[in-house]
Amino acid sequence: LVGAHDLRTAARDLPLHGKVGLIIQVLQALAYLHQRGVIHRDLKPDNVLVVNGHVRVLDFGLAVARERLGEGAGTAGTLKYMAPEVLQGQAATEAADMYALGVMLYEQLAGRRPFDADSSHELMAKVLHAPPDPLRTHLPGIPRDLELICHKCLEKEPADRYPDATELAEDLRRFLA
């Protein structure tokens with residue numbers, strides 16, 4: 001598509017508020033999916049297309065209906081965006097999609113993911129046990145509220161993350177206001 005870019009490319013030169021605005025659009029799509037009982041399970045910048053400023057979430061090849069999660073769904077997704085509980089063999093739920101969104105938000109703001117490593121084993125250990133670097137380590141001057149919002153998405157325990165995409169989008173809108 002002419003003028004279409006993945007999320008990472010589309011957000012590269014945007015100011016902070018523009019990057020947050022794109023993430024809010026991703027959250028709107030995610031809320032739509034979750035309200036219909038669909039878990040994406042592979043949310044990442046490569047699966048988000050931005051066309052003329054409008055976000056399109058793509059690649060539903062690993063998506064699953066909530067009621068089918070226990071039917072051998074197994075570990076699925078891209079390791080760099082995978083939630084800790086999924087790495088431990090639990091089914092991906094809305095909370096896992098929220099974690100992936102948190103990794104995307106961190107990446108859009110800091111220009112890097114919260115966890116990087118030289119091997120899959122090392123990356124898994126960091127996701128499971130290490131806290132992410134504070135955003136201000138990579139982005140001095142980031143507003144504290146935005147940093148707190150982002151880090152809440154990256155909590156190790158699913159219950160400590162945002163309960164749904166709508167609530168996170170509301171907090172990001174309040175930040176923009």
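This report covers helix packing, one long-range look at helix H2, and a set of loop residues in a predicted model.

## Helix H7 and its two partners

Helix H7 spans residues 144-153, and helix H8 spans residues 165-176. The two pack at an angle of about 165°, and their axes lie 10 Å apart. Angles over 145 degrees count as roughly antiparallel. H7 and H8 are therefore roughly antiparallel to each other. The crossing of H7 past H8 is left-handed. On the H7 side, the contact uses Asp-145, Leu-146, Ile-149, Lys-152 and Cys-153. On the H8 side, Glu-167, Leu-168, Asp-171, Leu-172 and Phe-175 take part. By class, this contact of H7 with H8 holds six nonpolar and four charged residues, with no polar ones.

Helix H4 covers residues 94-110 and also packs on H7. Here the angle is about 140°, with axes 7 Å apart. That angle makes H4 oblique to H7. H4, too, passes H7 in a left-handed crossing. H4 supplies Met-98, Tyr-99, Gly-102, Leu-105, Tyr-106 and Leu-109 to the contact. H7 supplies Leu-146, Cys-150, His-151 and Cys-153. The classes of the contact of H4 with H7 are eight nonpolar, two polar and no charged residues.

Leu-146 and Cys-153 of H7 are listed in the contact with H8. Leu-146 and Cys-153 are also listed in the contact with H4.

What is the environment of His-151 in H7, buried or exposed? Its relative accessibility is 17%, so His-151 counts as buried. Leaving out residues up to four places away in sequence, His-151 touches Tyr-106, Pro-132, Asp-133, Pro-134 and Leu-135. Of these, Tyr-106 belongs to the H4 side of the contact with H7.

## Helix H2

Helix H2 runs over residues 16-35, a length of 20 residues. From first C-alpha to last, H2 reaches 28 Å. That is close to the 28 Å expected at 1.5 Å a residue. Its buried residues are Lys-19, Val-20, Leu-22, Ile-23, Ile-24, Val-26, Leu-27, Leu-30, Ala-31, Leu-33 and His-34. Lys-19 and His-34 are among them. After H2 comes Gly-37, with a positive phi near 80°.

## Loop residues

Several residues in loops deserve a look. The table gives accessibility for each.

| Residue | Location | Relative accessible area | Class |
|---|---|---|---|
| His-40 | loop between E2 and E3 | 0% | buried |
| Arg-41 | loop between E2 and E3 | 12% | buried |
| Asn-47 | loop between E2 and E3 | 5% | buried |
| Asn-52 | loop between E3 and E4 | 64% | exposed |
| Ala-117 | loop between H4 and H5 | 30% | partly exposed |

Strand E2 covers 38-39 and strand E3 covers 48-51. The loop between them holds His-40, Arg-41 and Asn-47.

His-40 has a relative accessible area of 0%, so His-40 is buried. His-40 and Met-124 are 84 residues apart in sequence. Their C-alpha atoms are 20 Å apart in space.

Asn-47 touches His-40, Asp-42, Arg-56, Val-57, Leu-58 and Asp-59, with residues up to four places away in sequence not counted. Strand E4 covers 54-57. Arg-56 and Val-57 are among the residues that Asn-47 touches.

Which backbone angle marks Arg-41? Phi is positive, near 70°, in a residue other than glycine. Asn-52 also has a positive phi, of about 50°, although Asn-52 is not a glycine. Arg-41 is buried at 12% relative accessibility, whereas Asn-52 is exposed at 64%.

Ala-117 sits before helix H5 (120-129), in the loop that follows H4. Where does Ala-117 make contact beyond its sequence neighbours? Ala-117 touches Glu-122, Leu-123 and Lys-126, once residues up to four places away in sequence are set aside. Ala-117 and Tyr-99 are 18 residues apart along the chain, and their C-alpha atoms are separated by 18 Å. Tyr-99 is one of the H4 residues in the contact with H7.

Terms used: Residues are numbered from 1 along each chain as its sequence is written. This is a predicted model: local features need pLDDT of at least 70, side-chain atom pairs count only at pLDDT 80 or more; totals for chains, interfaces and linings use all residues. Side-chain values use heavy atoms; hydrogens and water are left out. Axes are lines fitted to C-alpha atoms, for helices over the stretch in contact, and angles run from 0 to 180 degrees between N-to-C directions. Helices (H or I, at least four residues) and strands (E, at least two) are DSSP runs, numbered from the N terminus. Angles under 35 degrees count as roughly parallel, over 145 as roughly antiparallel, 65 to 115 as roughly perpendicular and the rest as oblique. A crossing is left-handed if the near helix is turned anticlockwise from the far one by less than a right angle, and right-handed if clockwise. Contact means heavy atoms within 4.5 Å. Ala, Val, Leu, Ile, Met, Phe, Trp, Tyr, Cys and Pro count as nonpolar, Asp, Glu, Lys and Arg as charged, and the others, Gly among them, as polar. The expected span of a helix is 1.5 Å times one less than its number of residues. Buried means under 20% relative accessible area, exposed over 50%, partly exposed in between (1.4 Å probe, protein chains only).
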